[in-house]
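Work through the exercises below with the model open. Try each task before you read its solution.

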Amino acid sequence: MIPSIHKPGAHSVGAIGYLYSTGRGHEAHTDPHLVASLDGLAPDPARDPQATFKHLAAYLDLPVQAVDPAERPAQHVWHCSVRAAPEDPVLTDAQWADIARRMVHATGIAPEGDDGACRWIAVRHADDHIHVLATKVRQDGTKPRDSYSYKRAQAEARRIEADYGLRRVTPGDGTAAKRPTRAETEKAHRTGRTRTPREQLRTIARTVVAVSTSPEEYLHLLTRSGVLVETLRFPSGDIRGYKVALQGDINAQGQPIWFSGSTLAPDLSYPQIRDRLTTTDLASVAGPRRTNPWHQATAAAERIPHHLDHDDDPASQAHITAFAEALDALPFNAPQEIRPHLRQAAIDFERASRSRIQADHQHARTLRNAVRAIARQPAIGDGAALAMFLDAALLALIAIQRWQAARHQGQQVEAARRTLVHIQVAYDQAAHTPLAALTHRAPPQSDADRHAQRIRQTVSAYAEQILHDSHWPALATVLTDAEAAGHDPSRLLQQATDQRALTDAHSPTQILIWRIQRLAARPAPSPRARAAQARSTVATRRTPPASAVQRPVHQPESAPGPTNSDGHRHPRR
């Protein structure tokens, strides 16, 4: 259940007119009627043919009119909507009346048993929500004690959910981006937009900042992205901020409707963007590269669980923020059919990346620089590079969920869970073609048998799972290719498993395919280096370190896959 305290108004009759409106522009309003009021004496224009909107407004405004005009609040109309979740049962009018009374009591508008409380009404014009209107002058002429009404309404909503058996909404922490106003939402609906200009501009700005290397380039790319941009400067000429508007989004005077970066989201303010982009190593992005940036980005994503294990929350938050930027940038180079899921994943993780923990942006440079270099490359070929990154992203998301759950960031955990679903779908689509191509090139049975023996020796805890996986022929192909390029398959397997435990992997086979492909892309060691590696391997086998011993993960039959902190199973591969 979600209560929303709206911006105060000055005209009771106008607010009432909206609540009772039906027809064009208000198609969602059905059978608007009163369900409750302070004393049960409020006239209902929907049920009483003699009652009008003005009569109902006069009932609400009576205490306001009774005080001296100089003492009246300029914005005296208090407005709160209370909405149930889509999966909640349809509540009766009597239940909504009880919820309304609890809300005005909790917020201080009309405490229970207070004869001098503010006058209020509750109107229902849909199955899933009500609107509560009140005038902010008590009947004794004083002002209500409604400070912190938003937080108090949220706390009462959690108690109502428990009492009525409704969906339990995760409490907010004040870090979410500003939601569109009702006027913005209704305007978007009238103009045929699926999202409001505020939401569209926020997505565009986040995508652009993810691929920019400097504040100046950010503003330049924003302009090239098709939005209107106005730079704000100090008298000295230095940039102090910016504002953006969507093409065609105008007010009644025909002027563009501007949004400053900070009103789109706190981390899109110019100072925040400047701080983030000044940590970018421009030379490593624009200069010649000896390393594939997709491989660099994948390696950086694979290290995120390791970074989160350290007791440095600002650094961990920086890695989560950089990961969010990577998701923002992915649609740039992704195949057309995968982009919708990647865009939705980026939108969902935008919420997951917000935290009260201040990120130290000096960290996570490798991932940021690799993502910016990727954005400057041609589109992806068969999807192997994208699949490789998404495979690492899945494990990173699981680790991020655990880290956030340990810090009681409930809304972020839920947003990361939604992100995981979309990334899983995108991975399955991206990996299909390259995995099929590798399977088609499966090596002869004799080579496959040799590689199977290596699997049993090197990854014994997962050997049977890997060898019975439908993608085992693809892994055998990757090992054969690596061997042909001069690499030692056994050593590559050991390196791949040492990078990060396979505990969270639902398909260790696919994890190994992408890790070994990336490792095999490096230059093969010289004969002299291979001899040194062989001596090192023999010494290691004689005295195996404790860290090299891998323990199989026992999973009871009732729980075929690991679950996150919310009890949801992660998508299987």
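Buried means under 20% relative accessible area, exposed means over 50%, and partly exposed lies in between. The model is predicted.

**Exercise 1.** Classify Asp 146 as buried or exposed.

*Solution.* Take the relative accessible area of Asp 146, which is 14%. The cut-off for buried is under 20%. Asp 146 is therefore buried. Now turn to its partner: the side chains of Lys 136 and Asp 146 meet in a salt bridge, 3.0 Å from N to O. Lys 136 has a relative accessible area of 22%, so Lys 136 is partly exposed.

**Exercise 2.** Find what the salt bridge between Lys 187 and Asp 249 ties together.

*Solution.* Start with the distance: the closest N and O atoms are 2.9 Å apart. Next, place the residues. Lys 187 lies in helix α5, and Asp 249 in the loop between β7 and β8, so the pair ties together parts 62 residues apart in sequence. Last, check accessibility. Lys 187 is partly exposed at 24%, and Asp 249 is buried at 4%.

**Exercise 3.** Test the length of helix α20, then describe how α18 crosses α20.

*Solution.* Count the residues of α20: 13, from 472 to 484. At 1.5 Å a residue, α20 should span 18 Å. The end C-alpha atoms are 18 Å apart, which agrees. Now the crossing. The axes of α18 and α20 come within 10 Å and cross at roughly 95 degrees. That makes α18 roughly perpendicular to α20. The contact residues divide into seven nonpolar, two polar and four charged. Among them are His 451 in α18 and Trp 472 in α20.

Notes
Residues are numbered from 1 along each chain as its sequence is written. This is a predicted model: local features need pLDDT of at least 70, side-chain atom pairs count only at pLDDT 80 or more; totals for chains, interfaces and linings use all residues. Side-chain values use heavy atoms; hydrogens and water are left out. Helices (H or I, at least four residues) and strands (E, at least two) are DSSP runs, numbered from the N terminus. The expected span of a helix is 1.5 Å times one less than its number of residues. Axes are lines fitted to C-alpha atoms, for helices over the stretch in contact, and angles run from 0 to 180 degrees between N-to-C directions. Angles under 35 degrees count as roughly parallel, over 145 as roughly antiparallel, 65 to 115 as roughly perpendicular and the rest as oblique. Contact means heavy atoms within 4.5 Å. Ala, Val, Leu, Ile, Met, Phe, Trp, Tyr, Cys and Pro count as nonpolar, Asp, Glu, Lys and Arg as charged, and the others, Gly among them, as polar. A salt bridge is a side-chain nitrogen of Lys or Arg within 4 Å of a carboxyl oxygen of Asp or Glu. Buried means under 20% relative accessible area, exposed over 50%, partly exposed in between (1.4 Å probe, protein chains only).
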